[in-house]
Amino acid sequence: MRLLSKPRPVLASFVAAAVVLLPVLAMAVLEINTPPSGVVDPSQTDDAGYRGAGLALAAAPFLYIAAVPVCYAVGALLTSLGFRCLSRFLAGTVGVALLLGLITGLILSVPFHFGLGDVMLSVAVSTMLFLITTLPAALCWWFFALRPLNPDAPPSDSTSVS
C-alpha cells in the first residue's frame, strides 16, 4: 500500500478525528446537564453519570491522538483500493465500521461469560456507535482529501515535466 504524502490527507485525518469524537463529547456534555433520574434512593448520591462523563472528557485528548492515525490509515487504505468516488468511499467506510463493530462487540461482551442474546446486543450497539461516528468522519475525510477542487478541469498528467 502506497501512503498518501500530500498534506490534504493529513489535514483530513486531523479534522476527521475531531468529527469522530463529537458524538462522544456531546453525550458527555448532555450527561452532565441531565438532572438525576430518581432511580436511586434520594438519600444517596448518584454520581455515576458525572463520573462517566468526566472519564469521557478526560480521555478525549488521548482518543483524539489515537484516532488521527486510524483515520489516516483507513482513508489511505480505501483510497489505495480505488474507493475515490464519494459513494464508494462511504460504502467502504460502512464495511470498516461493521467489521470494527463486530470485533469490538465480541471483545466487550466476553462471549463465554454471557449468553448469545447479550453478545448480539453488544455487537449491535457497538456497530451502531461505529456507524454513527465513522460515516460523518468519512464524509469529512473525503471532502478534505479527495474532493476535486475544480471538477470541470481535465485531469492533470503528473508524469510530464514543464
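This passage describes the helices, the buried and exposed residues, and the aromatic pairs of one chain. The model is predicted.

The overall fold was examined first. The chain has 4 helices and 0 strands. Read along the sequence, the pattern is α-α-α-α. The chain holds 162 residues, and 26% of them count as buried. Its exposed surface comes to about 10,900 Å². Carbon and sulfur atoms supply 73% of that area. Contacts with a sequence separation of 6 or more were also analysed. Of these, 77% join residues 24 or more positions apart.

Helix H3 was then considered in detail. It covers residues 86-109, which makes 24 residues. From its first C-alpha to its last, helix H3 reaches 34 Å. This is close to the 34 Å expected at 1.5 Å a residue. Just after H3 comes Val110, which takes a positive phi of about 45 degrees.

Several residues of H3 are buried. They are Phe89, Gly92, Thr93, Ala97, Gly101, Gly105 and Ser109. A general point about helices helps in reading such a list. An α-helix has 3.6 residues a turn, so residues three or four places apart point the same way. The cover over the buried residues of H3 includes helix H2 (48-80) and helix H4.

Thr93 gives a close view of this cover. The residue lies in helix H3. Its relative accessibility is 5%. Buried means under 20%, so Thr93 counts as buried. Residues up to four places away in sequence were set aside. Beyond them, Thr93 touches Leu78, Thr134, Leu135 and Ala138.

Gly95 also belongs to helix H3. Unlike the buried Thr93, Gly95 is partly exposed, with a relative accessible area of 36%. Gly95 and Leu131 are 36 residues apart along the chain. Their C-alpha atoms are separated by 9.5 Å.

Aromatic rings were searched for across the whole structure. The search finds 3 aromatic pairs. One of them joins Phe89 and Trp141. The ring centres are 5.6 Å apart, and the planes meet at 10 degrees. Planes under 30 degrees apart count as stacked, so this pair is stacked. Phe89 lies in helix H3 and Trp141 in helix H4. The pair therefore ties together parts that are 52 residues apart in sequence. Both Phe89 and Trp141 are buried.

Another pair is formed by Phe143 and Phe144. Here too the ring centres are 5.6 Å apart. The planes, however, stand at 85 degrees. Angles over 60 degrees count as edge-to-face, so the pair is edge-to-face. Phe143 is partly exposed, with a relative accessible area of 40%. Phe144 is partly exposed as well, with a value of 31%.

The surface was examined next. Met27, Leu121, Val125 and Leu129 form a nonpolar patch there. Together they have about 390 Å² of accessible area. Helix H4 (residues 116-145) gives the most to this patch, with 3 residues. Val125 is found in helix H4. Its relative accessible area is 45%. Buried ends at 20% and exposed begins over 50%, so Val125 counts as partly exposed.

Met128 is found in helix H4 too. It is partly exposed, with a relative accessible area of 47%. Met128 and Ala97 are 31 residues apart along the chain. Their C-alpha atoms are separated by 8.6 Å. Ala97 is one of the buried residues of H3.

A further residue was examined in helix H2. Gly52 lies in this helix. At 39% relative accessibility, Gly52 counts as partly exposed. Gly52 and Ala28 are 24 residues apart in sequence. In space they are 7.5 Å apart, C-alpha to C-alpha.

Key. Residues are numbered from 1 along each chain as its sequence is written. This is a predicted model: local features need pLDDT of at least 70, side-chain atom pairs count only at pLDDT 80 or more; totals for chains, interfaces and linings use all residues. Side-chain values use heavy atoms; hydrogens and water are left out. Patches are made of residues with over 30% relative accessible area and no salt bridge: like charges are joined within 9 Å, nonpolar side chains (Val, Leu, Ile, Met, Phe, Trp, Tyr) within 5 Å. Accessible areas come from the Shrake-Rupley method with a 1.4 Å probe; for residues, only the protein chains shown count as cover. A salt bridge is a side-chain nitrogen of Lys or Arg within 4 Å of a carboxyl oxygen of Asp or Glu. Helices (H or I, at least four residues) and strands (E, at least two) are DSSP runs, numbered from the N terminus. Buried means under 20% relative accessible area, exposed over 50%, partly exposed in between (1.4 Å probe, protein chains only). The expected span of a helix is 1.5 Å times one less than its number of residues. Contact means heavy atoms within 4.5 Å. Rings of Phe, Tyr and Trp (its six-membered ring) pair if their centres lie within 6.5 Å; planes under 30 degrees apart count as stacked, over 60 as edge-to-face and the rest as tilted.
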